[in-house]
Every structure is written in C-alpha cells, then in structure tokens.
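Visitor: Could you take me on a close look at the nonpolar core of this protein? I would like to see what builds the core and what lies around it.

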Amino acid sequence: EERSMYWQKSQTMHDFIPSFVYEHYKKHPHFTSLAYNNALLTKGMLLQSTNHVRKSIEQSGDTLLQQQWEELLKTQQMLTSSALPKTTKDSLTNRAELLEAWIMKNSREFRQSKEIWEKDWTDVQNVLKDGEVAIEFIDFYSIIKNDKTEHIYAALLLRKDEKQPVLILLCSEEEIQSLVGNPTKTYDINGTKLYELIWSKITSYLAENNTIYFAPSGLLHQLNIELLSMQDLRPISDVYHLVRVSSTRELLLEHGNTSFTSATLYGGLIYDMDTTDMIANSSIYDDIQYRSFSLSDTLSRKGVAYLPGTKREVEKISTCIKQVDGNVSLYIGIDGNEESFKAQTGTNSQILHIATHGFFFENEEINATDLYRPQLQQLGLQEQIVDPLLRSGLLLSGSNYAFTGHYEQLPKSLQDGVLYAK
C-alpha cells in the first residue's frame, strides 16, 4: 500500500527525468547515470517488490510467518471481490494493514530484500562479466516544435568498461505503431524494419555472442524483439544471447543453479465457452470461495481471438521437458480455466508457463470509457483504481463470456477466466 501511494505521488517526477536527461546529456554526459538509476527504481516497482516478499517468505522456513503471509494474500484477494458491504471492507482493510505491519517486523528476509532498491547503475556494472551488456530501454515525451510533443524510445547501454551508461536514441512510438498489428505482418513482413528501429543503432556497441540483458519499456513489452530479423534475415537471437528481464536490477539477485523436473503449461486456450462447459470444467476443482474483481460488461463486445501458435508453443515445450524425464501438466483448450490455475496453489511445479492474451488499462481509459464502472461503485472507488496490478492481467479459458456482456449471467460459483496480476 505504501509503495502504491509513493508511486502515485512521485510518478510525474520519475516520468520527467528521462526527458530532462535527453535535453541535456550532450553537454552533461554523466546525466545518463540519472536516467539509468531512474529506470532501475521505477521498472516493476510494485510487482517486483511483491515478488521478492513472496519468495523470501516462502523460503524462510518460518511456519507462522508463512501462515500470516497466506492470510494477508487471502485478505487482499477478498478486498478485490465485488459487492462488499462497507463494514466488511473496512474490517478486511484493517486486518490487512495489521498483517502487513507484523510481517514487516518479523521477516528478516523481507527487510534484507529492501536493500536491492538502494542499488544504482554502478552496482549493475560491477556484476557484469566480460562479454555481457545490460540495456534499459526507456520511453518518454519530448517537445519538438511549436510545443508539440513526441513519444521517443531510447536505450541506456551499460558495459563493464563504460564511464557511464550510453544513451542511444532509437525512434518514435509512432514509427513502431506503424509496423505492428497482425502477428504475421509484424514479424514476417515488418520484422527487419522493426529491427532497424530498435536494434540497429545498438549493435555497433555489441560483439557477436555477447550476452545481452535487456529490460523493455512501453510498446516493447508487447513485442518479441528477440525474434526480429536482421538485414541478412537471421533473427537477432542467432547472433547474441538475449535475456529479457523486468529490470537489469535483477542481475544483483543471487540465482542458484536449479534443475527443473516439473512444469505446468497453459496454451491453445478456448476463450469462447458456454456456461454448461464452464460448469463442467469448474466442478473438477474444489470450491473457490471468492471471485476475482471483475471486468465491466462494457470492456469489449467482441472478446479475444484464439491463438493457434500458443498450442504449438506449449506442446513443443512439453516435448522438451519430457525428453529429460520431467513431469508436465498441460492445460489446453477448455481445460485452462481460472479454477485450474488457482488449484495450482501449494503444488511443487517448478515452471509455470502461460501462453495467452494479456491486458493493461490506464486509469484514464477506465474513467473515459466507463470501464470497471459497476465495480468501482461497488467498491466505493468513484474515480480510479490506483493499484496497476488490478488493471492488468491474463485471460484464461472461458473469459470471453465476461468480455461479451454476459458477466452478470455467470453462476456465482464460476470464475470468469480473467486473472488479475494481484
């Protein structure tokens, strides 16, 4: 909650920093350090903090701490449910605050995990090995002419021997948008053009077989830029070892060597299901006592389309894992519902791979188009949903029923297939 409040108050300042650096870095090259540190601080702030807490507590071996953490998660989930009476909501909110304060006081691992946020670009540089490069992609607005603004993309590149991060201007968002759309067109037809926009100005700083740790930004989160074709039509991933991270800050975390023996895979999901099929598939799992915060019926009248490539994707992954005698739980078609996902709680699967549609909505979109309006009113939030984790998520089997105006007709015992990030 405190992290959410901090971000709400300081977002404007953090958004301004890249623009400021862009205007002045040629006279003051060291300003690029400020931009890199800003990217380290802001990227994935809420999500990464939550993930670090979860991982440290799960590995702590403290049974009481783990019980309190599980209760906090359940309480927070109940707070996202619709139609909560005000007294119940107030009681749950107070309980969540008490649990969070207790966990803060009693979790040594949690307190230690906070140290990661005090690191800067020099710490990232110090862990880079020969042949390794760290890249933070950034996007920002800059005034060009007559007070008109342009949405610009750039890369902050860091090597072991650099005096400070290198700022490389790439392109405008408008240029990227003109080349994306249909997946086949994006990669097969426009792949080389996108490579020219995103990678071509960076490769002069790279050597073949370099390991590149890169953190996307803006539209780049939605593109597999690792697959873009160079001028000779080879994918860039054939020349460099590309490792996508949410932030290059992740290089500061210790990762032990893990042998993976089990995996849970979701792909080739059927989003169009009727309630008969949804009830039949739901009945396989134990009753789930709460339904997630729901999307408004006004979200989309068309729903989302089937993704045939995701079925091939998880089937190939399944084959690879089975070749090394790994165990695979494969959810395809109508089987990949929200109930199946929530039933994974407490299982020992080491890999969770979900190939499906994702979504994110800005608060401005919610307010302007009445998205989430019924739920906002039910929860007493008249203007916005501050937590971005409640405005983003993944779509599982059967989710089109809620997307196409039939959410209120779903039996209360059914999950709607919309899996929120929180």
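Guide: Happy to; we will start in the core and then visit a helix and a sheet. Please keep in mind that this is a predicted model. In soluble globular proteins, nonpolar side chains tend to be buried together. Here the largest nonpolar core has 31 residues, and those touching the most other members are Ile-135, Phe-137, Ile-176, Ile-198, Trp-199, Ile-202 and Ile-225. Several elements each supply at least two residues of this core: the strands β1 (132-143), β2 (149-158), β3 (166-172) and β4 (211-215), along with helix α10 (191-198).

Ile-135 is a good place to pause. Leaving aside residues up to four places away in sequence, Ile-135 touches Trp-199 and Ile-202, and its partners also include Ala-155, Leu-156, Leu-157, Ile-212, Tyr-213 and Phe-214. A second, separate core of 21 residues includes Ala-39, Val-124, Ala-134 and Ile-152.

Ala-39 leads us to helix α2, where it is one of the buried residues, as are Phe-31, Tyr-36 and Leu-40. In total, 9 of the 12 residues of α2 are buried, so the helix is mostly covered. Its length fits too: at 1.5 Å a residue, residues 31-42 should span 16 Å, and the end C-alpha atoms are 17 Å apart, which agrees.

Last comes an open sheet of 3 strands, ordered β9-β10-β11 with antiparallel pairing. Its edge strands, β9 (358-360) and β11 (418-420), each pair on one side only. The twist averages 30 degrees from one strand to the next. Between β9 and β10 (residues 392-395) there are 3 bridges, and Phe-359 stands opposite Gly-393 in β10.

Conventions: Residues are numbered from 1 along each chain as its sequence is written. This is a predicted model: local features need pLDDT of at least 70, side-chain atom pairs count only at pLDDT 80 or more; totals for chains, interfaces and linings use all residues. Side-chain values use heavy atoms; hydrogens and water are left out. Helices (H or I, at least four residues) and strands (E, at least two) are DSSP runs, numbered from the N terminus. The expected span of a helix is 1.5 Å times one less than its number of residues. Buried means under 20% relative accessible area, exposed over 50%, partly exposed in between (1.4 Å probe, protein chains only). A nonpolar core is a set of buried Ala, Val, Leu, Ile, Met, Phe, Trp, Tyr and Cys residues joined through side-chain atoms within 4.5 Å. Contact means heavy atoms within 4.5 Å. Two strands pair if DSSP finds at least two bridges between them. Axes are lines fitted to C-alpha atoms, for helices over the stretch in contact, and angles run from 0 to 180 degrees between N-to-C directions.
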